[in-house]
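Here are some exercises to work through with the model open in your viewer. Try each task before you read its solution.

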Amino acid sequence: MKFRALIVDDEVNARQALNNLLKMYCQDIEVVAEAHGVKDGCTKLIELKPDLVFLDIRLSDGTGFDLLKKTTGQNFRVIFVTAYDQYALNAIRLSAVDYLLKPINPTELVQAVVKAINLLEHDDAFKTKIKVLEDHIAPSGGQIKRIILNTSNSMHVVDINNIIRCESDENYTYFITNDDQSILVSKTLKEFDELLTPNGFCRVHQSHLVNMYQVSSYEKGPGGMIIMKNKDKVPVSGRRKDYFLKSLELLT
């Protein structure tokens, strides 16, 4: 079965490169049209009704979000294609939205396409992801507001300020929130360390990442111990102690 695709990107070379990769590596995908902006993309999306849209975020006459808002009710899957910097990539990851980074890696393209054709993305869950992503791309005061945590059977939209700490369990991570939730996510702590550290979190131990704004006190000693506001105790490793204390000083 062939899946019909639309490529929306304001760069001619980028559209052609993606089209060539799809022909080489994704024989189940048929590119039925290309578009350079929001207006052009909306027209072709409504007329052609593709199954899949490869969508750039920055377009010549607006953004990919504008296109999605104008095509409410259309039934298609979306993969963002972007050349964003690290800050914006973190926002995309925190929003749990599928994306490809330019220049596109063929293996990642195949993986994204396989996932897309197995999941109907244009539903309430997808709309929530897009709203969170919009908040992240232009956040108030430069700070991330929310994160989407996907578990085996649900999707949690969590306010960053409500996360007390994260704890590693091999290839999984537990998120402990201030409403006594413990959310298990199938990603490593390292991934969340990279995402959350710019937003007030600190890796204090190989297995622990804490929200510095949720720290209540620190017990000094050879085995330093952090007391969180919910009374949880978190160990501080010797090699991370100085980094934690400096981070703590910056809050005052």
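The exercises below go from the sheet to its helices, and then to single residues.

A word on conventions: this is a predicted model, in which local features need pLDDT of at least 70, side-chain atom pairs count only at pLDDT 80 or more, and totals for chains, interfaces and linings use all residues. Residues are numbered from 1 along each chain as its sequence is written, and side-chain values use heavy atoms, with hydrogens and water left out.

**Exercise 1. Work out the strand order of the open sheet, and find its edges.**

Step 1. Strands (E, at least two residues) and helices (H or I, at least four) are DSSP runs, numbered from the N terminus. Two strands pair if DSSP finds at least two bridges between them.

Step 2. With that rule, the open sheet has five strands in the order β2-β1-β3-β6-β7, paired in parallel.

Step 3. The edges are β2 and β7 (99-101): each has a single partner strand, so one side of each lacks a neighbour in the sheet. On average, neighbouring strands are turned by 25 degrees against each other, direction ignored.

Step 4. Now check two pairs. β1 and β2 run parallel and are joined by six bridges, with phenylalanine 3 opposite isoleucine 29 in β2. β3 and β6 (residues 77-82) are parallel too, over five bridges, and here phenylalanine 54 stands opposite isoleucine 79 in β6.

**Exercise 2. Describe how α1 and α2 are placed against the strands.**

Step 1. Use contacts (heavy atoms within 4.5 Å) and axes, which are lines fitted to C-alpha atoms, for helices over the stretch in contact, with angles from 0 to 180 degrees between N-to-C directions.

Step 2. Helix α1 (residues 12-25) packs on the sheet and touches β1, β2, β3 and β6; its direction makes about 170 degrees with that of β2.

Step 3. α2 lies across β1, β2 and β3, at about 140 degrees to β2.

Step 4. In α2 (residues 38-48), the buried residues (under 20% relative accessible area, with exposed over 50% and partly exposed in between; 1.4 Å probe, protein chains only) are Val38, Asp40, Gly41, Cys42 and Leu45. Their cover includes β1 and α3 (64-70). After α2 comes lysine 49, with a positive phi near 50 degrees.

**Exercise 3. Which residues of α5 are buried, and which are exposed on the other side?**

Step 1. In α5 (residues 106-116), Leu109, Ala112, Val113 and Ala116 are buried. They span an arc of only 100 degrees around the axis (taken from the directions from the helix axis to the C-beta atoms), and therefore lie on the same side of α5.

Step 2. Thr107 and Gln111 are exposed on the other side.

Step 3. The cover over the buried residues of α5 includes α1, β2, β3, β6 and β7.

**Exercise 4. Check the cysteines and the surroundings of leucine 149.**

Step 1. Counting a disulfide as a pair of cysteine sulfur atoms within 2.5 Å, the structure holds zero. Cysteine 26 is buried at 6% relative accessibility, and cysteine 42 is buried at 9%.

Step 2. Leucine 149 lies in β8 (residues 146-150) and is buried, at 1% relative accessible area.

Step 3. Leaving out residues up to four places away in sequence, the contacts of leucine 149 include Met155, Phe175 and Phe192. Leucine 149 and serine 186 are 37 residues apart in sequence, and their C-alpha atoms are 9.4 Å apart.
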